[in-house]
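Visitor: Could you pick a single part of this model and take me through it closely? Then work outwards from there, please.

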Amino acid sequence: MKQKILSVIAAAIATTFVTSCNKKTISETSKSQKEMKAIQFRIARPTNNLTEVIKFYHEGLGLDILGQFKDHAGYDGVMLGIPDKTHHLEFTQHIKKEPLPKPTKENLIVLYYDKPEEYKKANERIQKMGIAPVEPENPYWKGKSETYEDPDQWRVILFNGVYNPE
């Protein structure tokens, strides 16, 4: 009987410890979110195919051209993004066109569509350019999205739905 009581007490202490640790983690997460004051982010990468990349992301995927520059210290570039301009991509090309690292099949940009008809239109638009879907590396994406490769073989996933972290 004494052993059973000790087991119950130990379980209660462990539960209290885990609960208090979880509360601390949640509290720390909330604190870091309150400290995060950035209002935009940009992902930038080099390319040696700037014209084709612009065509793929602007005409094929429908991203807005937010800005461009030419011959800035030997670089040309473009910023493309979604209409609210809070998240965008920058592609730069150096005049020397040095060799660039190859992407893996898991280097991904995922575009989420909240309306099935918009998802369908996006796939039709890019396929009309002669760009066919490729097999995703990760089977998670199968049946709910299409995967494409840009001119540099970086992968873009068009996802039929939205991401809701819970």
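Guide: Let's start with E2 and strand E3 (residues 75–81), which pair antiparallel over 6 bridges. (Strands here are DSSP E runs of at least two residues and helices are H or I runs of at least four, both numbered from the N terminus; two strands pair if DSSP finds at least two bridges between them.) This is a predicted model, so local features need pLDDT of at least 70 and side-chain atom pairs count only at pLDDT 80 or more, while totals for chains, interfaces and linings use all residues. Residues are numbered from 1 along each chain as its sequence is written, and side-chain values use heavy atoms, leaving out hydrogens and water.

Now look along the ladder itself. Gln68 has Val78 in E3 as its bridge partner, and Phe69 has Gly77 in E3. The hairpin of E2 and E3 leaves 2 residues between the strands, and Ala73 takes a positive phi there, near 55°.

Step back a little and the hairpin turns out to be part of an open sheet of 4 strands, ordered E1-E4-E3-E2 with mixed pairing. At its edges are strand E1 (41–46) and strand E2 (64–72), each of which pairs on one side only. From one strand to the next, the twist averages 15°.

Thr92 is a nice place to see how this sheet is knitted together. Thr92 sits in strand E4 and is buried, with a relative accessible area of 18%. (Buried means under 20% relative accessible area, exposed over 50%, and partly exposed in between, with a 1.4 Å probe and protein chains only.) Leaving aside neighbours within four places in sequence, Thr92 is in contact, meaning heavy atoms within 4.5 Å, with Arg45, Pro46, Thr47, Phe69, Tyr75, Asp76 and Gly77. Two of those names, Phe69 and Gly77, are the bridge partners you met a moment ago.

Next, the helix. H2 lies across E1, E2, E3 and strand E4 (87–94), running at about 5° to E3. (That angle is taken between N-to-C directions on a scale of 0 to 180 degrees, using lines fitted to C-alpha atoms, for helices over the stretch in contact.) The buried residues of helix H2 (residues 50–60) are Leu50, Val53, Ile54, Phe56, Tyr57 and Gly60. If that spacing looks familiar, remember that an α-helix has 3.6 residues a turn, so residues three or four places apart point the same way. Glu52 also lies in H2, but Glu52 is partly exposed, with a relative accessible area of 44%. After the helix comes Gly62, with a positive phi near 85°.

Glu52 also gives us a bridge to the rest of the fold: Glu52 and Asp150 are 98 residues apart in sequence, yet 8.5 Å apart in space, C-alpha to C-alpha. Over on that side there's another open sheet, this one of 3 strands in the order E5-E7-E6, again with mixed pairing. Strand E5 (108–113) and E6 are at the edges with a single partner strand each, so one side of each has no neighbour in the sheet. Ignoring direction, neighbouring strands of this sheet are turned by 20° against each other on average. E6 and E7 run antiparallel, joined by 5 bridges, and Thr147 stands opposite Ile157 in E7.

Don't skip the rings. The structure holds 7 aromatic pairs. (Rings of Phe, Tyr and Trp, using the six-membered ring for Trp, pair if their centres lie within 6.5 Å; planes under 30 degrees apart are stacked, over 60 edge-to-face, the rest tilted.) One of them is Trp141 with Phe159, edge-to-face at 5.9 Å centre to centre and 85° between the planes. Trp141 is in the loop between helix H3 (116–128) and strand E6 (145–149), whereas Phe159 is in strand E7 (residues 155–160), 18 residues apart. Both are buried, and ring pairs link them with Tyr112, Tyr140 and Tyr163 into a cluster.

Finally, the whole chain. It has 3 helices and 7 strands, running α-β-α-β-β-β-β-α-β-β from the N terminus, and 27% of its 166 residues count as buried. Average pLDDT, the predictor's confidence in each residue from 0 to 100, is 85, and 80% of the residues score at least 70. Residues 1–24 stay under 50, and the model gives them 0 contacts beyond four places in sequence. Where pLDDT is low, the predicted coordinates should not be read in detail.
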